[in-house]
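Here's a quick briefing to read alongside the model. It starts with the enclosed spaces and then turns to how the chains fit together.

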There are 2 protein chains.
Amino acid sequence: MPSDIEIARAATLKPIAEVAAKVGIPEDALQNYGKHIAKIDHGFIKSLGDKPNGKLVLVTAISPTPAGEGKTTTTVGLGDALNRIGKKAVICIREPSLGPCFGMKGGAAGGGKAQVVPMEQINLHFTGDFHAITSAHSLAAALIDNHVYWANELNIDVRRIHWRRVVDMNDRALRAINQSLGGVANGFPREDGFDITVASEVMAVFCLAKDLADLEERLGKIVIADTRDRKPVTLKDVKATGAMTVLLKDALQPNIVQTLEGNPALIHGGPFANIAHGCNSVIATQTGLKLGDYVVTEAGFGADLGAEKFIDIKCRQTGLIPSAVVIVATIRALKMHGGVNKKELAGENIEALEKGFANLARHVTNMRSFGLPVVVGVNHFFQDTDAEHAKLKELCREKLDVEAITCKHWADGGAGAEELANAVVKLAEGEQKPLNFVYELEAKLSDKVKAIATKLYGASGVNIESKAATKLAGFEKDGYGNLPVCMAKTQYSFSTDPALIGAPSDHVIAVRDVRLSAGAGFVVVICGEIMTMPGLPKVPAADTIRLDEKGQIDGLF
Amino acid sequence: MPSDIEIARAATLKPIAEVAAKVGIPEDALQNYGKHIAKIDHGFIKSLGDKPNGKLVLVTAISPTPAGEGKTTTTVGLGDALNRIGKKAVICIREPSLGPCFGMKGGAAGGGKAQVVPMEQINLHFTGDFHAITSAHSLAAALIDNHVYWANELNIDVRRIHWRRVVDMNDRALRAINQSLGGVANGFPREDGFDITVASEVMAVFCLAKDLADLEERLGKIVIADTRDRKPVTLKDVKATGAMTVLLKDALQPNIVQTLEGNPALIHGGPFANIAHGCNSVIATQTGLKLGDYVVTEAGFGADLGAEKFIDIKCRQTGLIPSAVVIVATIRALKMHGGVNKKELAGENIEALEKGFANLARHVTNMRSFGLPVVVGVNHFFQDTDAEHAKLKELCREKLDVEAITCKHWADGGAGAEELANAVVKLAEGEQKPLNFVYELEAKLSDKVKAIATKLYGASGVNIESKAATKLAGFEKDGYGNLPVCMAKTQYSFSTDPALIGAPSDHVIAVRDVRLSAGAGFVVVICGEIMTMPGLPKVPAADTIRLDEKGQIDGLF
């Protein structure tokens with residue numbers, strides 16, 4: 001069986017202008033980055049303003065397990081399948097982060113015959129968007145310390161600078177630093193630290209901005225410090241937003257590439273799915289909707305996190321409403337939710353499947369509670385048995401009245417997901433209802449957390465630790481009480497304990513800390529330990545990554 | 001009078017494929033970055049292997065003053081002029097650094113009618129080369145600390161890690177840090193600091209490598225730390241070089257843009273001119289020589305630093321020999337070397353010019369001592385008087401037997417530098433002699449410094465401080481004694497005192513520190529304070545940089 005990278009390298013790619021032309025993008029609206037990648041011009045996007053929108057399909061998943069679910073693979077396969085059945089479909093997904101590539105082996109561009117290409121460039125520097133975001137973030141950091149250094153006219157309290165630094169690399173040594181050491185010329189010593197670029201609020205803002213003007217305005221709202229008398233200081237106060245917007249100008253144009261079947265995929269932005277909302281840029285999604293009959297997009301992690309934020313944050317801010325939701329599951333992952341460990345997945349196990357089904361069931365119920373039509377996409381693995389697939393379909397039909405469709409896009413490309421595509425079209429052509437958000441913006445911040453925890457997570461309640469409660473009160477006092485909340489908790493469980501797989505009930509969501517992302521427009525609610533700067537493993541992938549004799553990249557995938 | 005940016009924006013740019021075709025680059029050898037920037041494919045460059053080389057013209061200058069000399073402007077103007085007189089000429093210059101753009105106003109792409117375009121992209125992210133270098137450098141940093149974290153099998157002494165970190169931003173707060181704080185999971189606390197990206201040894205290696213294999217080999221030689229028993233540890237030892245080469249693969253392809261007159265310019269790499277050798281990549285220069293009859297290139301700072309390193313380091317490593325050297329001077333700058341301060345430059349001052357001529361004279365003599373034919377290019381400013389220009393020509397002819405040619409490329413483009421172009425062709429068509437290096441590689445490291453100081457700087461001797469002397473002895477013991485030296489001293493004076501303008505004699509060069517750049521292949525000799533991480537000024541340019549209503553960048557230039 002060929003590997004993902006072998007399949008990708010064997011593909012004959014079309015010139016990107018040909019792919020773009022399929023959805024009506026003229027060649028002069030493209031800024032090429034090599035022959036198979038382009039950015040779509042701001043001016044052209046503006047010119048699409050009055051066109052009616054296509055239909056939006058959200059791909060989400062059960063709670064992730066080490067068995068793998070294949071959400072991106074399904075997104076790509078479904079997009080190809082929709083094109084095969086005569087719909088003009090555009091795929092919108094996140095850009096992968098560079099740093100983690102050097103830790104664990106693996107990229108993030110789908111798999112098998114459901115991939116976006118050219119995968120090596122997509123997984124490495126791509127069009128430099130993350131570099132631009134790192135630069136803009138770093139400029140803001142330099143301007144803040146420079147302000148303090150010269151006269152500190154804003155009276156910034158160096159003990160209360162919230163703006164950390166970022167680098168797109170897994171580097172635990174930078175998590176906590178003391179900086180401005182070495183004497184008078186280097187500034188006022190203070191504590192600081194680095195996160196990985198995808199955790200930057202610039203990334204979240206980038207992905208929620210509707211255009212350059214909105215980007216600059218949102219950047220200006222970011223609270224970067226408190227004054228000595230505890231007033232919030234913003235990026236606008238330190239005059240950073242104009243230059244940051246200049247640095248982000250080209251990056252904000254969505255990137256277009258192609259699937260292995262030559263269909264257009266917009267890959268743009270990639271915010272963390274825990275401390276941010278975890279989906280591709282609003283600009284890419286909205287551009288896709290103007291260009292295609294259908295846009296297939298995905299949200300990060302499981303539906304409890306990614307899809308909830310997609311709806312309560314991204315859809316609420318933009319007015320977008322999905323016409324259908326696909327929840328991706330695998331037999332293997334459901335068996336793990338049923339208590340089987342990864343080494344024992346081989347062989348049929350209907351009992352474990354039935355037990356693990358509870359995880360899928362809760363995600364289906366949750367998605368329906370938003371008022372959205374749902375279909376389950378069962379991503380087929382060759383080790384699965386027919387009886388297992390039949391059982392899952394039966395469970396879905398009988399217990400949930402939802403259709404479950406086995407998909408073989410990994411092995412067969414778009415042809416393997418045609419049945420799913422037909423089901424999606426049927427759902428999407430039904431009547432569209434307004435969204436039921438989990439909470440209203442007028443509610444207290446703590447009540448928003450409680451609503452998510454009790455309605456979606458199966459929790460009996462929420463325990464907000466005193467430090468977090470004080471900060472929430474402060475945010476409300478400072479006028480940020482009407483923001484939505486962005487939950488940062490483990491993706492492996494509905495609870496805050498990654499070991500509680502399946503569909504745990506009556507657990508309590510402990511809120512350890514909260515953070516304000518005033519530019520992105522949400523309050524981050526941190527439950528448990530959230531890592532914003534990963535480390536490298538003992539034997540990092542970087543050790544064996546190299547160019548082979550042909551100049552091809554070896555060891556990256 | 002229109003500004004540089006107004007002139008650049010008013011220009012009608014040719015498609016880059018058309019510019020590239022002028023020197024025989026086929027369209028399929030280009031990787032486009034938008035419509036006016038491309039990278040030239042590694043494969044195409046390899047295919048040029050057997051073609052004969054064109055002639056190399058080195059543009060250097062008198063010691064810089066606040067009056068400005070216009071070295072890049074002259075390089076561009078001369079390139080255009082050579083094309084006008086029927087020579088196929090290619091320009092090779094350095095890429096500008098992003099960070100400093102936000103400090104002091106101004107870009108680095110020539111000026112007036114002698115510019116390379118598109119100047120905004122060139123001055124901002126361009127093709128992401130510096131981002132790739134930053135990434136590769138950061139990956140190495142992460143791998144080093146990761147090695148120490150897990151088991152430290154190489155027995156790295158955390159007090160003796162020489163590999164600092166880099167960011168492409170002016171940020172004084174990062175000059176000196178303590179890192180790996182915050183507990184066991186974050187590693188072993190140690191001192192560290194950040195330089196600006198152009199100061200990275202990766203940048204120097206990038207600019208001296210002849211191809212990807214050479215790049216990887218040179219990276220492997222970089223000494224990043226000592227062991228507890230004082231043995232050097234290299235990047236190869238921490239298995240960083242394969243992945244770093246992968247990150248640098250696309251970046252190592254030279255970038256092609258155009259002058260305002262539509263002639264090809266290769267802009268590639270940009271190492272510091274103090275702690276590194278300060279000129280564009282060897283790959284760009286060698287590619288240009290295969291493509292053009294002439295390559296016009298420049299070296300950093302004045303001829304005492306940039307040209308000396310160009311010859312003793314770059315030419316020695318590659319076998320390149322310039323066919324002619326242009327020393328750029330201005331009447332204004334020479335008057336400053338004659339003791340006039342910047343505010344008093346207006347008005348004719350023959351006496352100051354005669355006095356300041358000493359600076360030019362020494363540079364001319366120095367360049368000739370390498371066995372190179374020299375012409376002086378006098379970059380015309382509209383405030384200059386005819387009498388001043390006539391006097392300078394007379395001084396050059398009578399005292400040095402060298403031709404001085406007034407150039408008006410800033411006002412008139414290539415047409416303003418045709419006389420210089422004709423003079424350069426005459427020199428370049430003369431007999432080519434082998435280079436006289438200032439020192440032989442077999443000499444002791446301290447004797448190499450002494451040779452440069454006494455033969456070129458007019459110094460009476462060298463004073464190597466004890467710490468530096470100990471390190472030099474260590475380098476010789478470790479087998480690095482045969483490397484050339486790379487002088488890091490003020491660019492404003494032949495001496496180490498920036499206030500000693502003109503042509504000071506009998507001063508002593510004090511060597512404060514030395515550093516090994518084993519991958520680049522030189523020993524850096526630090527005389528005086530050398531800043532490898534600039535700070536931002538009190539009112540940084542960033543404060544007023546923004547997008548205007550038309551989406552154009554305001555305040556950057």
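**Cavities and the chain contact**

The second largest cavity comes in at about 80 Å³. Bear in mind that this is a predicted model. That cavity is one of five in the structure with a volume of 30 Å³ or more, and the two chains can be superposed with an RMSD of 0.0 Å.

**The second largest cavity**

- Where does the second largest cavity lie with respect to domain 1 and domain 2 of chain A? Domain 1 (4-128 + 251-429) and domain 2 (129-238) of chain A both put residues into the lining, so the cavity sits between them.
- Its lining includes Glu95(A), Pro96(A) and Leu98(A), along with Ile122(A), Leu124(A), His125(A), Phe126(A) and Gly128(A).
- Asp129(A), Phe130(A), His131(A) and Asp168(A) also belong to the lining of this cavity.
- With three residues, α6(A) supplies the largest share of that lining.
- Sorted by class, the second largest cavity is lined by six nonpolar, three polar and three charged residues.

**The largest cavity**

- The largest cavity has a volume of about 350 Å³.
- Its lining counts 26 residues, and those closest to the centre are Thr134(A) and Val167(A) from chain A, plus Thr134(B), Val166(B) and Val167(B) from chain B.
- Which elements give two or more residues to this lining? They are α6 (129-150) and β8 (165-167) of chain A, together with α6 (129-150) and β8 (165-167) of chain B.
- The lining of the largest cavity splits into 11 nonpolar, nine polar and six charged residues.

**How the two chains are related**

- A turn of 180 degrees, with a shift of 0.0 Å along the axis, lays chain A on chain B with an RMSD of 0.0 Å.
- The two copies are therefore related as by a two-fold rotation axis.
- Since 100% of the interface residues of chain A are also interface residues in chain B, the copies meet through the same surface.

**The interface itself**

- How many residues does each chain bring to the contact? Chain A brings 67 residues and chain B brings 68 residues.
- About 5300 Å² is buried between chain A and chain B, and carbon and sulfur atoms give 64% of that area.
- On the chain A side, Arg172(A), Val246(A) and Leu547(A) supply 11% of the area this chain buries against chain B, more than any other three residues.

Terms used:
Residues are numbered from 1 along each chain as its sequence is written. Chains are lettered from A and ligands numbered from 1 in the order in which they are written. This is a predicted model: local features need pLDDT of at least 70, side-chain atom pairs count only at pLDDT 80 or more; totals for chains, interfaces and linings use all residues. Side-chain values use heavy atoms; hydrogens and water are left out. Copies are superposed by least squares on the C-alpha atoms of residues with pLDDT of at least 70 in both. Contact means heavy atoms within 4.5 Å. On a 1 Å grid over the protein atoms alone, a cavity is a set of points where a 1.4 Å probe fits but cannot get out, and a pocket is an open set with protein on both sides within 12 Å along at least five of seven lines; lining residues have an atom within 4 Å of a point. Grid points are joined across faces, edges and corners, and a volume is the space filled by probe spheres set on the points. Helices (H or I, at least four residues) and strands (E, at least two) are DSSP runs, numbered from the N terminus. Ala, Val, Leu, Ile, Met, Phe, Trp, Tyr, Cys and Pro count as nonpolar, Asp, Glu, Lys and Arg as charged, and the others, Gly among them, as polar. Domain bounds come from an automatic or database domain assignment. Buried area is the accessible area (1.4 Å probe) that two parts lose on being put together, summed over both.
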